[in-house]
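Please find below a colleague's note on the structure shown here. The points follow in numbered order.

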Amino acid sequence: MSQVVDSQGLPLYDEREVRALADLLLEEVCGITRTDRLMHPERILAAKERTRLSSIVAQMEQGVPVQQALGYAWFYGMRFEVSPDVLVPRPETAELVDWIVTDLRSRPTSSSDVSSPVSKPLSICDIGTGSGCIAISLARCFEDARVLAIDVSSAALNIARRNACQQNVDNLQFAQIDILEYVDNLDSNIENTSKNNTFPQGYQHLDIIVSNPPYVCRNEAAQMSEIVLEHEPEVALFVPDDDPLLFYRAIARLGQKHLKKGGFLYFEINAAFGEATCQLLGQMGYRNVELRRDITGRDRMVKAALYS
């Protein structure tokens, strides 16, 4: 793979990343692990394999993320179709799913104590589902749950539906909803008359709301990789500089309407606004607000309960 540079002539991948990408592509495209190469250095790639690798490398040399060049990404042990219409699933998002799964599996399934409010079947909503990685993972982990996956983008929902079909998940429903518009209507006491902006029947009272919403401020773009800026959807990335908690406020407001007593919010967050997000939730009546760091030590996830 020739050197891949950004618009300023700086390399997009360092030498270590290039080696890791080579390992990934050989395993994904050819089924050859590093151990295989050591044990069988004489192995010659088939013509079809060489053609496929050349096509992927050519795309990457244009700055296309390796997952989009492959057409899929691995998340929570499953393969998810990805495209420029959805964010590439990331390891920190898998940590958020892990948190939810661990909490739910350690909690009683029925209790009069609001600190253990989970009902059966579970009712879960993933807001801004994108590829569907969060919703599908939770639906697979809790097969008797009812999971609703929401996105404003019809293109993203089409990909999420295909991913759900590929993973044989049938306890999952999709809805095209603009959460900001929906909450504006709540606050204005306006009836949501749009068919595409109404919560489906059966999801009016939720145990869990989870979201990895847009949270990157526009002024942070200069520090971001051009691979992300040029090939992942802006609508799923950015919020206004003057309102970085826009989606957290809206989803917390939605939770006030649709969460059951003792239900929980789980968020992936911008590491720069961990404390601010916790303060916002506390001000909106949420309790037991918990901020958690990801594996790199950055503030990345928040959990909060609604008891009233």
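**Asn171 and the sheet**

1. In this predicted model, Asn171 belongs to the loop that links α7 (154-166) to β5. Its relative accessibility is 13%, so Asn171 counts as buried, the cut-off for that class being under 20%.

2. The surroundings of Asn171 include residues distant in sequence. Glu143 is 28 residues away along the chain, yet the two C-alpha atoms are 6.7 Å apart. Leaving aside residues up to four places away in sequence, Asn171 touches Ala139, Phe142, Glu143, Asp144, Ala145, Arg146 and Val147. With Ala139 there is a polar approach: a polar atom of the Asn171 side chain lies 3.2 Å from the backbone oxygen of Ala139.

3. β5, the strand that follows this loop, is part of an open sheet of 7 strands with mixed pairing, in the order β5-β4-β3-β6-β9-β11-β10. β5 (172-176) and β10 (287-293) each have a single partner strand and stand at the edges, so one side of each lacks a neighbour in the sheet. From one strand to the next, the twist averages 15°.

4. Within the sheet, β6 (residues 206-211) and β9 (residues 259-268) run parallel and are joined by 5 bridges. Across this pair, Val210 stands opposite Tyr266 in β9.

5. Two helices deserve mention alongside the sheet. Helix α10 (residues 246-258) packs on it, with contacts to β3 (123-127), β6, β9 and β11 (299-306), and its direction makes about 160° with that of β9. Helix α11 (residues 274-283) lies across β9, β10 and β11, and runs at about 165° to β10.

Definitions and conventions: Residues numbered from 1 in each chain as written. Predicted model: local features only at pLDDT ≥ 70, side-chain atom pairs only at ≥ 80, totals over all residues. Heavy atoms only, no water. Pairing = 2+ DSSP bridges. Helix = DSSP H or I, 4+ residues; strand = E, 2+ residues; numbered from the N terminus. Axes fitted to C-alpha atoms, helices over the stretch in contact; angles between N-to-C directions. Contact = heavy atoms within 4.5 Å. Buried < 20%, exposed > 50% of the residue type's maximum accessible area, 1.4 Å probe, protein only. Polar contact = N/O pair within 3.5 Å; in protein donor to acceptor, adjacent residues only side chain to side chain.
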